[in-house]
Amino acid sequence: MKALREDFEKYMFPCYSPLDMVLVKGRGSRVFDDLDNSYLDFTAGIAVNCLGHNHKKVTKIIAKQAKRLVHASNIFVNDKTLTLARKLCLRTGYERVFFANSGAEANEGALKLARRAACDDFGPQKHEIISFLQSFHGRTLFSVTVGGQEKYSSGFGPKIAGITHVPYNDAEAFKEAISDNTCAVMLELIQGEGGIINIDPNFLHTVIEYAKKHQALIIVDEVQTGIGRTGTFFAYEQYDFRPDILTSAKGLGAGLPIGAVLTSQKIAAHFSPGVHGTTFGGNPVACAVADYVVTKVGSDEFLAKVREKGKILATGLENINSRLNCFKQIRGAGLLCGAELTGILENKAGLIQKYCAKEHLFILQAGSNVIRLAPPLVIKKKELALGLELLETALKKALEDEKSK
Ligand SMILES: *Cc1c(COP(=O)(O)O)cnc(C)c1O
């Protein structure tokens, strides 16, 4: 059966508005549609395909594991889940890991864990969660309610109670919100979907200080910023602290669905047998790939290259801005870059994305006013340069068209 683009509207839930092309394959930092058009991919499947598309070693691992064991469930342990667990703990210094299948599911587990731990140790009154406006933590009812974007969480009936949203980077508001009834604070170190907003280190230190004072756990959501994306294996390493609970997903499986919750032995102990679980979590194929990802992306040499390429990308954006004057601010870290639009392009991130696709460059938005770039971590320097050129052409055309309106 031939794939038809109109079948999206005809058969699928209308919860996305995909671009017009139908993708069929990828290689490195390029993807191809069914008409054999080639596009430079600065989206990496939303910061997922860290090793690019059709990575030789990754496809080999998938094929090999497919011949051995594809799924067994958590009533057993399997070799691939065990070796990944050890490797992740040794690489990060965490003591225990729980495997899930997505970012939302990892965050759901982290939130339930924080509440359970507080309930066990202090009593049910200590259940309040503080999170931040504009944050994004996934689409399950708990994670979406903790996320700080009304538009995603309203209209689904009664919300999960006990969640307070505070402006991001506002230390005074945070100090006012936290109390002895706070069980956890959940945050991103760079708000991704919320517009690539970097955390203010002073604000983070206030959060750490006050969470400690009130015996609240800090959950850091590194679903997007983790696995080398910001130039260190996890972004928290850049801030000289260790979150009580850390969540990962997106890049961890290099394209296969896997999420993880990392924490201490003491906190993990609150999830005793039967308290939490998942059928697919720790899937051996995903774990076999993630094992390779942790070794490859976790190496100092690989991470140094990400930092170097991140500088090239940020400098490239600054240079574009010196010519076109269309960005208010350029933010992010490593290969996670956001450019906030200004002037006649204000709030036109979706439009810029379409102009870029016409130039055969795929980019992301982070809200309506920020264009987000998250190329594969293995992107070549000359591909970065080409992508920046295509982006500039797209921006120029958009500016001309908007001016002549
Ligand atoms: C993408 C993302 C999620 C949700 O991950 P899914 O795999 O889509 O459930 C959660 N938190 C952050 C910070 C994300 O970027």
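In this predicted model, an oxygen atom of the ligand sits 2.7 Å from an N or O atom in the side chain of Gln224. Two other side chains get similar mention: Asp221 has a polar atom 2.7 Å from a ligand nitrogen, and Lys250 has one 2.6 Å from a ligand oxygen. On its own the ligand would expose 390 Å², and the protein buries 81% of that. Below is a quick tour of the ligand's surroundings, the empty spaces and some of the strands.

**Around the ligand**

- Asp221, Gln224 and Lys250 belong to the set of residues around the ligand, and the rest of that set is Ser102, Gly103, Ala104, Asn107, Phe136, His137, Gly138, Glu188 and Val223.
- Sorted by class, this shell has 6 polar residues, along with 3 nonpolar and 3 charged ones.
- Helix α5, which covers residues 103-122, gives the most to the shell, with 3 residues.

**The second largest pocket**

- This pocket has a volume of about 650 Å³.
- Its lining takes in 30 residues, and the ones closest to the centre are Asn74, Thr81, Val97, Phe98 and Phe99.
- Helix α5 turns up again here: along with α4 (79-92), β4 (96-100) and β12 (259-263), it gives two or more residues to the lining.
- As for the make-up of that lining, it splits into 15 nonpolar residues, 14 polar and 1 charged.

**The cavity**

- Rolling a probe the size of a water molecule over the atoms shows where empty space is left.
- Counting cavities of 30 Å³ or more gives 1.
- The largest cavity holds about 30 Å³ of space.
- Gln224, already met beside the ligand, also helps line the largest cavity, together with Ala47, Val48, Cys50, Gly226, Ile227, Arg229, Gly251 and Leu377.
- The class count for this cavity lining is 5 nonpolar, 3 polar and 1 charged.

**Strands β1, β2 and β3**

- Strands of a sheet pair through backbone hydrogen bonds, either parallel or antiparallel.
- Strand β1 (residues 23-27) and strand β2 (residues 30-33) run antiparallel, joined by 4 bridges.
- Within that pair, Gly26 stands opposite Val31 of β2.
- The hairpin of β1 and β2 has 2 residues between the strands, and Gly28 takes a positive phi near 60° there.
- β2 also pairs with strand β3 (residues 38-41), again in the antiparallel sense, this time over 3 bridges.
- Here Phe32 has Ser38 in β3 as its bridge partner.
- With 4 residues between its strands, the hairpin of β2 and β3 has a positive phi near 70° at Asp36.

**An open sheet of four strands**

- Further along the chain there is an open sheet of 4 strands in the order β13-β14-β17-β16, with antiparallel pairing.
- The edge strands are β13 (327-333) and β16 (364-365); each has a single partner, so one side of each is left without a neighbour in the sheet.
- The partner of β16 is strand β17 (residues 370-373), and the two pair antiparallel over 2 bridges.
- In that pairing, Gln365 has Ile371 in β17 as its bridge partner.

Conventions:
Residues numbered from 1 in each chain as written. Predicted model: local features only at pLDDT ≥ 70, side-chain atom pairs only at ≥ 80, totals over all residues. Heavy atoms only, no water. Near = heavy atom within 4 Å. Polar contact = N/O pair within 3.5 Å; in protein donor to acceptor, adjacent residues only side chain to side chain. Areas by Shrake-Rupley, 256 points an atom, 1.4 Å probe, with all protein chains shown as cover. Nonpolar A, V, L, I, M, F, W, Y, C, P; charged D, E, K, R; others polar. Pairing = 2+ DSSP bridges. 1 Å grid on protein atoms, 1.4 Å probe; cavity = no way out; pocket = protein on both sides within 12 Å on 5 of 7 lines; lining within 4 Å. Points joined across faces, edges and corners; volume = space filled by probe spheres on them.
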